[in-house]
Amino acid sequence: MRAREVTLGSNTRVDVKLESGVMMDDVVVTALGVSKEKTALGYAVSEFSGDDLGKSGEQNVIQQLAAKAPGVQVIGSGGTPGASSKVLIRGPSTFTGENQPLIVIDGVPVDNSTSQSSPRDYPFNANLQGVNNSNRAIDNNPNDIESVTILKEPAAAALYGARAGNGAIIYTTKRGKTGKKGPGVKVSSSVELSKVNKLPDFQDKYGPGINGNSIALADPGPDERFDNSPFFVSNDDVAFGTPNSWGRSNAENGDVTFDNIDNFYETGVAFVNNIEISGGKENSLLRLAIGDNRRSGVVPNTDFNRTSMRLTADFKPSELIKIGGTANYIKSTGTMAQNGSNLSGESLSLFRMPNTFDVRNYKSPLGFNNTYFFAYDNPLYSVFENPFTTSVDRFLGNMYVDLDLAENLKVTYRIGIDQYADSRKQIFAVTSNNDDLGQVGQINENRLKGSQMYADLIMTYTKSLTDKLNLNASLGHNFFITQFDDLFARGRIMSIPNFYNLSNTSDLYSSNYSETLKTFAFFGNLELDYDRWFYIALTGRNEWSSSFQLDNNNFFYPSASASVVFTELWDSKPTWLSFGKVRYSFAAVGIAPEPYNTATYFVTPTYPDGFTNGLTFPYGSVNGFGISNTLGNPNLKPERLIGNEVGVFVSILDDLFSLDVTYYNQKSKDILLFVPVAQNSGFSSQYTNGAEMVNQGWEVQLGINPYRNRDFTWSVDINWSTNNNEVTKLADCVEEVNLEAAFASIASFARVGEPIGEFYGTKWRRDSNRNIIIGANGRPQIDSKTGKIGSWIPDWIGGIRNTFSYKDLTLSVLLDFRKGGDVWNGTYARLNNVGRSGDSEAREQTYIVEGVTETGEANTVAISAQDYFRFVVGDAGGAAEEFIETVDLVRLRDLSLSYRLKFRSDAQKSHLDFTFTAINLWLSTNYKGVDPETSLTGAGSNLNGFDYFNNPGIKSFMLGVAFTF
């Protein structure tokens, strides 16, 4: 409320009415776990309660954020259990490094990495093969989350220094609370059913074959001899099968057909159970929580299970000291599905499968791979015989000590540890196609270990300098140590089928990689508050890191922000304007290079041939090392993100309307990239600082409370944001940077004047009027040069949540919007090619491709349907630009209906909650593939917008009950 002074006279009774003023009780958790009044912040933040996020029904704490905050884009990688989710704040900030924000739990940064399992001799992009591994934030139980704050502006996260270049997401967990009649107990349980939410259209009219001639697919008989293809009959016409469905119609052949899509996918089932006990006295509080999440996927034999045990304690033995801490153990296990560009990939084989082949007959009489085409695994054989399993043991712990040394002086020491061990095993059975040597069987064992230790010492001084001027100052230091170890063992050529032990293989290989990073920093924060209408904050952090040379290892990260509550400046402000604030912030934060790039090291050389894994050491009994072809750079600097933000927030008619508008401009400087060097130096490239990029955009948050009374309320929360990205500089002599290896016809590049990750690929040859040039055979011609064909960055994204509450009944509906942003639909390009797409059913006709001949005349040459779908709109000869789809979508992200049954007047202490939640219940989009919220390469990659037989998304229905007493 606004302060008011009244002069007392001789009367003993004075009536005073206070007016609404500064929102003093709106507190958010910011960097270093410090709680601040939102009014004082000079930058935009988005905050949510754990209950708000729980309405999504998602069990990945990153996926819970989708469509809820402006400037925050969440990209799921598929609907299989445990699949990773990626989050980007205000677009990407770097080229090849980490673009996701820092994840902080109770003031301590934690690991959210996503890593692939691949040997050190693998010469290709490991993100394009294998399974979609989990991001490590999935280990955290959403039921333990009290609140979340998203720090988007660099000034908000500047105190984290070189780890804050991508923003930060601050999670505050639940702690013990006092109860009038002993500990509080909450028991909750839910069951969830999942189905595939979207698939490409398929044609089922025509059977396997080519050029209109059918090829009979036959299952092997019991007397089948083993030749080059042991899982087909040996008749030459069918020995190798076909992925093509360009044969005669099934009706004409009298063939029996099968609904392989329906026969393959299942109903996923999940059971989630939680129990928490919270209580204590004023000076000692405890909370114990146990959560168990078990879910099977829509892809057979896939699952993700997580059991979490969390103990939190807070003690205040005297008025001068408070201590506390948390111990959290998590056990996560999963069986993952093969993904995308993978000969054992379920979607790759299933989507191409002719419908005259029964997917359920996936084993030969001898138990081997029974499939319709020799190069692909039967998808059911793959899921049951080629499992990828993972088992994670993780411990998260932290403790703190608060000391009140004097009336205005407080000292806090906090230390946290995050350790995990991930044991992975990949099996490729004999006759599977995705082992390195082909059908001989393979076993991969992978042990990943990660640990982080983080500690802060912070001294805070508060003082009222005058009646109106208040000071808050803090000084501190921080150290951070992270270690990672990757031990990989591979065995190939199995002697005994179905015996999956490395001792059963004759070709053995192992590799080991270890990494250690240490940082140390001093930091300070100065905040001034004048009469509760003007606020200013200055921060600085000086950091040292082991990823730099000792003589080049001292970097300073400053920030400044200010806010003015202009409604406090008016003696008589308009009655309709309840509150108003303008703000500005500036910051320079960083992104540190990966370790071991300042020097040139010996490495194990690999000599690839483009098709196999190539040759490497040890070769036979001979081992060897060679100088790396990447030249070390002792002059590396951190990448710098220079951020400017301005915003305004107003509340109108006693919060009937609230509007928060933000404009930001963030420049990334000294971006790290590999620059080519003269080949006669003996090196091919050097890792160096040499690029710049800009992100700028608008964010809007609108709150509306159309109706409020004692029994019924209706609230609307709307968020909208747009981000424009442009690469403004590359190093000298560098025209483009390939973010990661992708496909021959398309890749993702950084080029000056274009957004990062712009798709570059093959294009149609065109004349000066942009007409496609058609050859004499009636097919369009491919240009000899590749070019820009699209961008994955959306034009804008948004969300609208409506919440209706009538007494104890609450309905919440979240709509998710996306306008623009391209996806390379490589899936549909191949389905057109093989004649399985829904469009390719229109084949009883010829096609004339619109364009002109070499002489400029309109094309009149008709081509067959097969040629059109294979060589024009299919990837047998079509340009990559043909397969770029600009995506628009509207999604019912989640719908939640809950009812609270009270057992006594104090409903907060004893009640029963019933909840129904629907996730991804409805999706409207122009995209022809699976759910366009998809990522072939997962959260561990900077590639976005690639769809090549990605696993489909899901829609879910969940019923839950929670008993609190």
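In this predicted model, the second largest cavity is lined by 25 residues, and those nearest its centre are Gln-73, Val-74, Ile-75, Arg-818 and Glu-933. Its volume is about 320 Å³, and the elements that each give two or more residues to its lining are β4 (72-76), β38 (796-806), β39 (809-825) and β42 (884-902). Of these, β39 supplies the largest share, with five residues.

The structure holds 14 cavities of 30 Å³ or more, and the largest of them contains about 560 Å³ of space. Around the largest cavity stand 37 lining residues, with Glu-58, Gly-78, Gly-79, Thr-80 and Ile-954 lying nearest its centre. Two or more residues of this lining come from each of β10 (184-196), β13 (268-281), β14 (284-296), β15 (303-318), β43 (911-925) and β45 (954-964). The two linings divide by residue class as follows.

| Cavity | Nonpolar | Polar | Charged |
|---|---|---|---|
| Largest cavity | nine residues | 21 residues | seven residues |
| Second largest cavity | twelve residues | seven residues | six residues |

Turning to the sheets, five strands form an open sheet of mixed pairing in the order β3-β8-β9-β6-β7. Its edges are β3 (45-49) and β7 (108-110), and because each has a single partner strand, one side of each is left without a neighbour in the sheet. Neighbouring strands of this sheet are turned by 25° against each other on average, direction ignored. At one edge, β3 pairs with β8 (residues 145-151) in the antiparallel sense over five bridges, and Val-45 stands opposite Leu-151 in β8.

A second open sheet is built from four strands in the order β34-β35-β36-β37, with antiparallel pairing. The edge strands here are β34 (737-740) and β37 (787-790), each of which pairs on one side only, and neighbouring strands are turned by 55° against each other on average, direction ignored. Within this sheet, β35 (residues 746-750) and β36 (residues 758-761) are joined by four antiparallel bridges, and Ile-746 has Gly-761 of β36 as its bridge partner.

Elsewhere, strand β18 (residues 409-428) pairs with strand β19 (residues 442-464) in the antiparallel sense over 20 bridges, one of which sets Ile-415 against Ala-455 in β19. Strand β19 also pairs with β20 (residues 469-494), again in the antiparallel sense, over 23 bridges, and in this pairing Tyr-454 stands opposite Phe-480 in β20. The connection from β19 to β20 is a hairpin that runs through four residues.

Technical notes: Residues numbered from 1 in each chain as written. Predicted model: local features only at pLDDT ≥ 70, side-chain atom pairs only at ≥ 80, totals over all residues. Heavy atoms only, no water. Pairing = 2+ DSSP bridges. Axes fitted to C-alpha atoms, helices over the stretch in contact; angles between N-to-C directions. 1 Å grid on protein atoms, 1.4 Å probe; cavity = no way out; pocket = protein on both sides within 12 Å on 5 of 7 lines; lining within 4 Å. Points joined across faces, edges and corners; volume = space filled by probe spheres on them. Nonpolar A, V, L, I, M, F, W, Y, C, P; charged D, E, K, R; others polar.
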